[in-house]
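Work through the exercises below with the model open. Each task is followed by a stepwise solution.

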Amino acid sequence: MNAPTTPPQDHAATVAPKLSVAPMMDWTDRHCRAFHRVLAPGALLYTEMVHANAVLQGDRERLLGHDAPEHPVALQLGGSAPERLAAAARIGQDYGYDEVNLNVGCPSDRVQAGRFGACLMKEPALVAECIAAMRAAVSIPVTVKCRLGVDELEDYAHFAGFIDTVAATGCDTFIVHARKAWLDGLSPKENREIPPLRYEWAYRLKRERPQLTISLNGGIADLEAIATHLTQVDAVMLGRAAYHDPYLLHRADAQLAGTQVRPREELLRALRPYVEAALARGVALKHITRHVLGLYAGQPGGRQFRQILSEGAHRPGADWSLVERALAATGAPLTAAA
């Protein structure tokens, strides 16, 4: 068994943030999270979804390894076998994660074939059994990310009943993607766009069950929407909007913290120590810079910024000087260290 990357945290001291970044497959890896932490010091970050079987049988350092500055950071698990999820949650806690989250929202065919993700919305008793087993195995919070429903199960009573069944285990935090999922006929991308958003269901859930912590996810893409939702629920989770427009994540975090918004180049240069340490470990620059391409979206020089990084980061020997060249294309002032 690989040794944990970071020591266990003081979980009791963790305050639930009002802002988080969604777990996104192929995107929210440790390099992405390092960048997002620079952008949003107060946000809760999530790993990509990791199946419980992979945690138990795979390369744990590759799957679970993370760096101390990422905290608070949550591990999202997939699966439907209570004993395996419990064992994986225990390993996640040993690796220092601040929270373990069960995915009950992913609608992909591969996920359905494995009987996990959104299809579990049809089996609230099984989800409750999984959560109970996970809670018994760890002392850190165990949470659920779910949809409003699936397929023909599209009414508030069923959604609220699902929440009540799972909450009866003692789970008190739910991240609600405010759409249902079509498990047959829509791709994962279409499931993020076609089913209508019903924020009112999450609002109503919070009004009727004030003891629960409700975080809202789905279609949230600007500061005004974040502020509006936070008058109705406890927290918001940004998804692809935070990835495609990382500066939105920074501005949202600054708005909630009451701090000054920092210039884009200052934020990116704050990532330099992480980048250089990763390069020294043999990580290719492209694995890090792919996550920063949207930082200058819609800004002067943004296209050149993306082009320089996209074309140069994969080349042997690519280092921080390439990032400075990309920044120069935006008109960012040079630094003495550059």
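**Exercise 1.** How many residue pairs are in polar contact between domain 1 and domain 2?

*Solution.* Note that this is a predicted model. Start with the bounds: the domain assignment gives domain 1 as 19–257 and domain 2 as 264–329. Next, count the polar contacts between domain 1 and domain 2. There are six residue pairs, with both residues at pLDDT 80 or more. Then look for salt bridges. The rule finds one across this interface. Finally, check the distance for the side chains of R290 and D29. Their salt bridge spans 3.2 Å, N to O. That N-to-O distance is within the 4 Å limit, so the pair qualifies.

**Exercise 2.** Describe the side of domain 1 that touches domain 2, by element and by residue class.

*Solution.* Begin with the elements. Those giving two or more residues to this side are helix 1 (30–39), helix 11 (240–244) and helix 12 (246–257). Now rank them. Helix 1 gives the most, with seven residues. Then sort the residues of this side by class: nine are nonpolar, three polar and five charged.

**Exercise 3.** What area do domain 1 and domain 2 bury between them, and which three residues of domain 1 supply the most?

*Solution.* First place the domains. Their C-alpha centres lie 29 Å apart. The contact draws 17 residues from domain 1 and 15 residues from domain 2. Next, take the area. The size of an interface is often given as the accessible area lost when the parts come together. Here domain 1 and domain 2 bury about 1,400 Å² between them. Carbon and sulfur atoms carry 63% of it. Last, find the main contributors in domain 1. H31, F35 and Y247 supply 43% of the area that domain 1 buries against domain 2, more than any other three residues.

**Exercise 4.** Which peptide bond is cis, and where is its proline found?

*Solution.* Check omega from H71 to P72. The angle is near 0°, and the bond is cis. Then locate P72. The residue is found in the loop between helix 3 (60–64) and strand 4 (73–78).

**Exercise 5.** Find the loops that hold D26 and C106, and say what marks each residue.

*Solution.* Take D26 first. This residue has a positive phi of about 70°, although it is not a glycine. Its loop runs between strand 1 (19–21) and helix 1. Turn to C106. UniProt, in an unreviewed entry, lists C106 for "active site". On the model, C106 is found in the loop between strand 5 (99–104) and helix 5 (109–113).

Methods: Residues numbered from 1 in each chain as written. Heavy atoms only, no water. UniProt positions renumbered as here; feature names shortened; annotations may be inferred. Helix = DSSP H or I, 4+ residues; strand = E, 2+ residues; numbered from the N terminus. Domains from an automatic or database assignment. Contact = heavy atoms within 4.5 Å. Buried area = accessible area lost by both parts, 1.4 Å probe. Polar contact = N/O pair within 3.5 Å; in protein donor to acceptor, adjacent residues only side chain to side chain. Nonpolar A, V, L, I, M, F, W, Y, C, P; charged D, E, K, R; others polar.
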